[in-house]
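Biologist: Thanks for sitting down with me over this one. Could you put the model up, so that I can ask about a few contacts?

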Amino acid sequence: MSENAAPFLTLEHITVRYLDKTLFTGLNWEILEGQQWAITGNSGSGKTALLNTIAGRFNVINGGIHYHFYEHYRQAHTITDPYFTYRNLLAHVAHHHKFRNRSNTTDFYYQQRFNSMDANDAPTVRQYLYGEEATAIAEEPLLAPLRITPLLDKELIKLSNGETRRVMIASALLQKPVLLMLDNPFTGLDVQTRAQFMEMVDHIITSGINVLLVTSPGEIPANITHVLTLEDGAISGRYTRNEFLQQALPAQAQAAAPAINEQQLRELVQPAARSFDTIVKMANIHVQYGDNVILDNINWTVKPNEKWALLGPNGAGKSTLLSLINADNPQAYANELYLFDRKRGSGESIWDIKRKIGFVSPELHQYFPAGNNCLQVVCSGFHDIIGATRAATPEQAQHALGWMEILGIAAFSTHSFKLAPESIQRLALLARALVKDPPLLIFDEPCQGLDAQQKQHFKQVIDTLCAVMELTLIFVTHYQDEIPAAVTKVLRLEKGKVVQAE
């Protein structure tokens, strides 16, 4: 890349507001032609907000953004559309999808993927990418690394985490963007899929598309040329890729997590009297949709006070396995499944089951409705509902605030849940899972969106919790360093089969 390269995008002394909050003040940044940037920094530092600002979603009240690539495009092309703007040349792949049902009148809901009749209301990948009438498709060469063809006739709601991300990126690439912005594209992916996504991003860059991505410091693709670091809404560093990789670990990764107030934790924990011989017992569990076998002959017993890691690659069947335990999947009734000493289908309601489980997952996060503040979201855990449709009692609100204090998010209690930083949303959902002192905790990738210090603090909370009370834990992650020390057992799935249980 020439040192005299023309500017591609310039943020000139911008001050940015969204609703009633100032996000950036006097921020300056320039990207030159041929540069490919990664943005990294602590949780809540403004990474996603910066992408949204460039995409034109937030108000720039001072300074300006100069989309030089748009001017260059106009000079090289004849444009007849009077509404053509820089937005036509920019594609933004957010961390959460915004898929809708085929009628386009309703959003997906959390349990939809497990209910076959409702799942059929979801569009297929083919329909989503190419339209309702699409039949034969000549795949774009640029999409080849995404391996979209095998997914074309699959409903969107049934895609795994990695498959969903591939389809979202494919949709963005079909827009023929000059600038592709990716928000944490590697989060929630297994080791092999992360490596494939790294290669895919490099392939996109090689094709001539400029890429700007938010990512963690340890997950920067090879063809990224520069790194921008943010801290509290301000730029804390600009580096070439090599300069950044030669730096010591960012301060946030080295900082010690705040100490746990064990006495406060003991006061919060008020487990109800209960005694179970078995928490979960699965006998020859089989789950199949059409010709697609999701779980094949699963045998697994979870005893009280056991701490399990549930591991396996994307698409191995982990989410479906958890949906059976969490009373979200109707195929539980067609299988020999015992929860809390009772066989499914013997008269208990789904609410009887959910009352005994504290649950958090990326999918639960995805489908949580807007309009609640963080304290309301935490309090919704008392009623096992998604959204605050029932008011909490003063005692419940105080108990929920105690958990928010333990997790370090009490200051956000009155903040809008959907407008809070991603990490705060995650921690609020963790507090939601803990408020009712359940005998079983299911944490499905609970550390997504947390920075290194927050992850360390969360692990300490879980290990301390396991030390002061009897609880059973099922913990799902793709990162070995996220597993709390209290976890001593492993169930590993591959292609719907148990390959390790010890």
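Biologist: Is R126 buried or exposed?

Modeller: Keep in mind that this is a predicted model. Residues under 20% relative accessible area count as buried. R126 has 15%, so R126 is buried.

Biologist: Which residue meets the side chain of R126 in a salt bridge?

Modeller: R126 sits in helix α4, and its partner is in the loop between α4 (125-130) and α5 (161-173), so the pair ties together parts that are 27 residues apart in sequence. The partner is exposed, with a relative accessible area of 57%. The N to O distance is 3.0 Å, and the residue is D153.

Biologist: Nice. How many salt bridges does a search of the whole structure find?

Modeller: One of them joins K354 and D328, with the closest N and O atoms 2.9 Å apart. K354 belongs to helix α11 (residues 350-354), while D328 is in the loop between α10 (318-325) and β13 (336-339), 26 residues apart. Both K354 and D328 are buried. Over the whole structure, the search finds 10.

Biologist: How far apart are the closest N and O atoms of K436 and D384?

Modeller: K436 lies in the loop between α15 and β16 (440-444), and D384 in the loop between α13 (374-379) and α14 (394-406), so their salt bridge ties together parts that are 52 residues apart in sequence. K436 counts as buried at 19%, and D384 is buried at 15%. The closest N and O atoms of this pair are 2.1 Å apart.

Biologist: Let's turn to L430. What is its relative accessibility?

Modeller: L430 is placed in helix α15 (residues 422-434). Leaving out residues up to four places away in sequence, L430 touches V360, L407, F443, P446 and F458. L430 counts as buried, because its relative accessibility is 0%.

Biologist: And what is the order of the strands in the open sheet of three?

Modeller: The edge strands, each pairing on one side only, are β2 (21-32) and β4 (59-66). Strand β1 (residues 7-18) pairs with β2 over eight bridges in the antiparallel sense, and I14 has L27 in β2 as its bridge partner. The order is therefore β2-β1-β4.

Biologist: Last one: which residues form the nonpolar patch on the surface?

Modeller: One member is Y18, found in strand β1. Y18 is partly exposed, with a relative accessible area of 31%. Together the patch has about 290 Å² of accessible area, and its members are Y18, L19 and L419.

Methods:
Residues are numbered from 1 along each chain as its sequence is written. This is a predicted model: local features need pLDDT of at least 70, side-chain atom pairs count only at pLDDT 80 or more; totals for chains, interfaces and linings use all residues. Side-chain values use heavy atoms; hydrogens and water are left out. Two strands pair if DSSP finds at least two bridges between them. Helices (H or I, at least four residues) and strands (E, at least two) are DSSP runs, numbered from the N terminus. Buried means under 20% relative accessible area, exposed over 50%, partly exposed in between (1.4 Å probe, protein chains only). Contact means heavy atoms within 4.5 Å. Patches are made of residues with over 30% relative accessible area and no salt bridge: like charges are joined within 9 Å, nonpolar side chains (Val, Leu, Ile, Met, Phe, Trp, Tyr) within 5 Å. Accessible areas come from the Shrake-Rupley method with a 1.4 Å probe; for residues, only the protein chains shown count as cover. A salt bridge is a side-chain nitrogen of Lys or Arg within 4 Å of a carboxyl oxygen of Asp or Glu.
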